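Please look through the sequence and the structure shown below. The paragraphs that follow move from one helix to the cores, then to the charged pairs and a pocket.

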Amino acid sequence: MRITITINGEPREADVWPGESLLFALRERLGLPGSKNACEQGECGSCSVLLDARLVCSCLVLAAQAAGHEVVTVEGLARDDQPHRVQEAFVEAGAVQCGFCTPGLVVATADLLAHNPSPTEDEVREALSGNLCRCTGYAKILDAVSLAASA
Ligand code: FES
Ligand code: FES
């Protein structure tokens with residue numbers, strides 16, 4: 001089936017099969033590999049995107065369900081070739097090791113700060129509880145979120 005999704009502000013068309021995930025369509029059909037596929041079961045958050053401004057795991061959304069809707073991926077957070085402040089903060093705080101979790105954490109953090117510009121540490125931990133990282137121990141990720149919040 002042919003679908004149109006507005007992705008990062010641009011209408012994009014793709015041929016998908018009915019059971020195909022939004023994550024698969026983004027990565028394999030639309031040239032947007034920023035969203036990562038780590039578990040494909042809604043457990044890790046590495047595939048996080050915004051669907052109509054709501055944070056979702058794109059592995060749990062059918063591409064067909066996103067037809068006619070707006071999706072923002074990690075690639076869409078930068079503006080005018082400038083990284084998003086959350087992207088800068090993750091680099092500055094050294095919150096990236098293998099980087100597999102990073103796009104999902106960046107999208108989830110950007111979503112958190114859009115709704116709550118000065119979150120407490122408990123609020124940050126709660127908001128990012130669906131994003132798993134096997135490398136960093138999370139301390140530098142928390143540093144990055146506070147850096148982004150204070151930017
Ligand atoms: S790949 Fe979607 S939650 Fe893990
Ligand atoms: S940096 Fe490796 S999983 Fe988070």
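Phe24 is found in helix α1, which covers residues 22-29. The model is a predicted one, and the values below are computed from it. Is Phe24 buried, exposed or partly exposed? With a relative accessible area of 35%, Phe24 is partly exposed, because that class lies between the limits of 20% for buried and 50% for exposed. A distance helps to place this residue: from C-alpha to C-alpha, Phe24 and Asp81 are 26 Å apart in space, and they are 57 residues apart in sequence.

Other residues of helix α1 are buried, namely Leu22, Leu23, Ala25 and Leu26. A general feature of helices is useful when reading such a list. An α-helix has 3.6 residues a turn, so residues three or four places apart point the same way. Which elements cover the buried residues of α1? Among them are the strands β1, β3 (48-51) and β5 (70-72). Just after α1 comes Gly31, which takes a positive phi of about 70°.

The next topic is the nonpolar interior. The largest nonpolar core has 24 residues, and Val86, Phe90, Leu128 and Ile141 touch the most other members. Three elements give two or more residues to this core: α2 (85-92), α3 (102-115) and α5 (139-150). Of these, α3 gives the most, with seven residues. Ile141 serves as an example of the contacts. Leaving aside residues up to four places away in sequence, Ile141 touches Phe90, Ala95, Leu105, Leu128, Cys133 and Thr136. There is also a second, separate core of 17 residues, and its members include Ala25, Leu26, Ala66 and Val71. Ala25 and Leu26 have already appeared above as buried residues of α1.

Charged side chains come next. Side chains of opposite charge can pair when their charged atoms come close. How many salt bridges does the model contain? The count comes to four. One of them joins Arg2 and Glu13, whose closest N and O atoms are 2.9 Å apart. This pair links distant parts of the chain, since Arg2 belongs to strand β1 (residues 2-7) and Glu13 to strand β2 (residues 10-15), 11 residues apart. Glu13 counts as partly exposed because its relative accessibility is 47%. Arg2 also meets Asp15 in a salt bridge, with an N to O distance of 2.9 Å. Because Arg2 lies in strand β1 and Asp15 in strand β2, this pair ties together parts that are 13 residues apart in sequence. Asp15 has a relative accessibility of 46%, so it counts as partly exposed.

A further salt bridge is formed by the side chains of Glu20 and Arg29, at 2.6 Å from N to O. Which of the two partners is buried? Glu20 counts as buried because its relative accessibility is 1%, whereas Arg29, with a relative accessible area of 39%, is partly exposed. Salt bridges that share partners join Arg2, Glu13 and Asp15 into one network.

The last feature is a pocket. The largest pocket holds about 160 Å³ of space. What lines the largest pocket? Its lining is made up of Ala38, Cys44, Ser46, Cys98, Phe100, Cys101, Leu132, Cys133 and Arg134. Sorted by class, this lining has seven nonpolar residues, one polar residue and one charged residue. Cys133, one of the lining residues, is also among the residues that Ile141 touches.

How values were computed. Residues numbered from 1 in each chain as written. Chains lettered and ligands numbered in written order. Predicted model: local features only at pLDDT ≥ 70, side-chain atom pairs only at ≥ 80, totals over all residues. Heavy atoms only, no water. 1 Å grid on protein atoms, 1.4 Å probe; cavity = no way out; pocket = protein on both sides within 12 Å on 5 of 7 lines; lining within 4 Å. Points joined across faces, edges and corners; volume = space filled by probe spheres on them. Nonpolar A, V, L, I, M, F, W, Y, C, P; charged D, E, K, R; others polar. Helix = DSSP H or I, 4+ residues; strand = E, 2+ residues; numbered from the N terminus. Buried < 20%, exposed > 50% of the residue type's maximum accessible area, 1.4 Å probe, protein only. Core = buried A, V, L, I, M, F, W, Y, C linked by side-chain atoms within 4.5 Å. Contact = heavy atoms within 4.5 Å.
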